[in-house]
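Morning, everyone. I have one structure to walk through today. Please pull it up on your screens.

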Amino acid sequence: MKREIPIGTGAWIRRMSSTRVVAVVTLDDVELAEPVAAALLEGGGDLMELTLRTPVALDCLRRIRKSVPGMRVGAGTILTPDQVQQAH
């Protein structure tokens, strides 16, 4: 059974249109997730893609979403349907 995931494309399109840079980040240490996202936000970047190339990437994604509320973060380098569900 295929599950449809609603995507608020209007909000993301507006957000991406208003920024000049999307930071693409790969983290291999969960402890770096919050400070890296906070530093990007402090420097004026509020949109980042966190690649799912490391075993701790999903934990990093969750930590950023929880601890850095001003940062808009999405998952990238998604290779499997399971990763789509896990990143949601």
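**Confidence first**

Helix α2, residues 33-42, has the highest confidence in the chain, at a mean of 96, while helix α1, residues 9-18, has the lowest, at 71. Those are pLDDT values, since this is a predicted model. Now look at residues 1-6. The pLDDT is below 50 there. Beyond near neighbours in sequence, that stretch makes four contacts in the model. For the chain overall, the average pLDDT is 85. A score of at least 70 is reached by 89% of the residues.

**The strands**

Next, β1 and β2. Which way do they pair, parallel or antiparallel? They run in the parallel sense, joined over three bridges. One position to find on screen: Ala-23 sits opposite Met-48 in β2.

Strand β2 covers residues 47-51. Four of its five residues are buried, so the rest of the structure largely encloses this strand.

Strand β1 takes in residues 23-25, and Val-24 is part of it. Is Val-24 buried or exposed? Its relative accessibility is 54%, and the cut-off for exposed is over 50%. Therefore Val-24 counts as exposed.

Val-24 also belongs to a nonpolar surface patch, together with Met-16 and Val-22. The three share about 260 Å² of accessible area.

**Two buried residues**

Now to Ala-57. You will find Ala-57 in helix α3, which spans residues 57-67. Its relative accessible area is 2%. Buried means under 20%, so Ala-57 qualifies.

What does Ala-57 touch, leaving out residues up to four places away in sequence? Leu-50, Thr-51 and Leu-52. Of these, Leu-50 and Thr-51 fall within the residue range of β2, 47-51.

There is also a distance to note. Ala-57 and Val-25 are 32 residues apart in sequence. In space, C-alpha to C-alpha, they are 9.9 Å apart.

The other one is Gln-83. Helix α4, residues 81-87, holds Gln-83. With a relative accessible area of 15%, Gln-83 is buried, because the limit is under 20%. Its contacts, again skipping residues up to four places away in sequence, are Leu-52, Thr-77 and Ile-78.

Leu-52 comes up twice, then. Ala-57 touches Leu-52, and Gln-83 touches Leu-52 as well.

**To recap**

β1 and β2 are parallel partners. Strand β2 is largely enclosed, whereas Val-24 in β1 is exposed. Ala-57 is buried, and so is Gln-83. Keep the pLDDT below 50 over residues 1-6 in mind.

Terms used:
Residues numbered from 1 in each chain as written. Predicted model: local features only at pLDDT ≥ 70, side-chain atom pairs only at ≥ 80, totals over all residues. Heavy atoms only, no water. Helix = DSSP H or I, 4+ residues; strand = E, 2+ residues; numbered from the N terminus. Buried < 20%, exposed > 50% of the residue type's maximum accessible area, 1.4 Å probe, protein only. Contact = heavy atoms within 4.5 Å. Patch = residues over 30% accessible without salt bridge, like charges linked within 9 Å, V, L, I, M, F, W, Y side chains within 5 Å. Areas by Shrake-Rupley, 256 points an atom, 1.4 Å probe, with all protein chains shown as cover. Salt bridge = Lys/Arg side-chain N within 4 Å of Asp/Glu carboxyl O. pLDDT = per-residue confidence, 0-100. Pairing = 2+ DSSP bridges.
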